[in-house]
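Student: I am new to this structure and would like to look closely at one part of it. Could you take me through that part slowly, step by step?

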Amino acid sequence: MVQFHATTIVAVKRGADDICIGGDGQVTMGETAIMKNGAKKVKKIYKNSVITGFAGSVADAFSLTEKFENKLDEHGGNLKRAAVALAQLWRSDKAMRNLEALMIVADKDDMLLISGNGEVIEPDQPFVAIGSGGNYAYAAANALYNNTELGAEEIVRKSLEIAASICVYTNDHISVERL
């Protein structure tokens with residue numbers, strides 16, 4: 001079975017109204033082939049009040065993003081309730097259990113990581129990173145957040161650039177969404 005390594009995503013919240021999620025654009029097939037350089041893995045949803053980014057299987061992530069937006073509709077835009085509802089569905093639905101992706105979602109109040117294991121995690125820090133280069137991007141975001149006055153977008157971009165310089169599954173075709 002061919003595996004697609006599909007990204008690095010970083011989210012940063014700096015203060016009450018500086019929230020960004022960014023991702024690189026590389027989609028890699030197997031260990032040796034880059035299938036796409038400019039994939040967009042972050043987007044605004046739910047009346048442009050929620051931003052989301054995904055790592056993992058691209059098709060699975062599109063399906064999850066659509067289901068998450070439906071859960072936001074069902075729960076009147078309440079991010080936490082929608083995230084818990086998606087995680088419960090993801091864990092319990094026979095077809096969805098096989099989806100391989102992670103999502104970071106954020107609104108003006110909360111930032112959450114949603115996994116296929118039924119976990120909804122609110123990070124301890126106001127930044128989080130996932131995907132192939134997630135550990136590199138997280139370390140960079142941590143250093144930049146705690147040692148500079150850079151805003152969320154600058155931290156996201158620089159963290160992704162650092163991850164791209166280290167991780168072969170991450171490139172420097174960066175897209176960022178901001179609330």
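Student: How many bridges join strand 3 to strand 12, and do the two run parallel or antiparallel?

Tutor: Please keep in mind that this is a predicted model. Strand 3, which covers residues 19-23, is joined to strand 12 by four bridges, and the two strands run antiparallel. Within this part of the model, Ile21 stands opposite Glu177 in strand 12.

To see where this pair belongs, it helps to widen the view to the sheet around it. Four strands form an open sheet in the order 11-2-3-12, and the pairing is antiparallel. Strand 11 (127-131) and strand 12 (175-178) stand at the edges, and because each has a single partner strand, one side of each is left without a neighbour in the sheet. If the direction of the strands is ignored, neighbouring strands of this sheet are turned against each other by 15 degrees on average. As a general point, the strands of a sheet pair through backbone hydrogen bonds, either parallel or antiparallel.

The next step is to ask what packs on this sheet. Helix 3 does so by touching strand 2 (8-13) and strand 11, and its direction makes about 165 degrees with that of strand 11. Helix 4 packs on the sheet as well, touching strand 2, strand 3 and strand 12, while its direction makes about 155 degrees with that of strand 2. Strand 3 and strand 12, the pair you asked about, are therefore both among the strands that helix 4 touches, and strand 2 is touched by helix 3 as well as by helix 4.

These two helices also meet each other. The axes of helix 3 (residues 134-147) and helix 4 (residues 152-166) come within 8 Å and cross at roughly 140 degrees, which makes helix 3 oblique to helix 4. The crossing of the two helices is right-handed. On the side of helix 3, the contact is made by Tyr136, Ala137, Ala140, Ala141, Leu144 and Tyr145, and on the side of helix 4 by Ile155, Lys158, Ser159, Ile162, Ala163 and Ile166. Sorted by class, the residues in this contact of helix 3 with helix 4 are 10 nonpolar, one polar and one charged.Taken together, strand 3 is joined to strand 12 by four bridges, strand 12 stands at an edge of the open sheet, and helix 4 packs on that sheet.

Notes. Residues are numbered from 1 along each chain as its sequence is written. This is a predicted model: local features need pLDDT of at least 70, side-chain atom pairs count only at pLDDT 80 or more; totals for chains, interfaces and linings use all residues. Side-chain values use heavy atoms; hydrogens and water are left out. Axes are lines fitted to C-alpha atoms, for helices over the stretch in contact, and angles run from 0 to 180 degrees between N-to-C directions. Angles under 35 degrees count as roughly parallel, over 145 as roughly antiparallel, 65 to 115 as roughly perpendicular and the rest as oblique. A crossing is left-handed if the near helix is turned anticlockwise from the far one by less than a right angle, and right-handed if clockwise. Contact means heavy atoms within 4.5 Å. Ala, Val, Leu, Ile, Met, Phe, Trp, Tyr, Cys and Pro count as nonpolar, Asp, Glu, Lys and Arg as charged, and the others, Gly among them, as polar. Two strands pair if DSSP finds at least two bridges between them.
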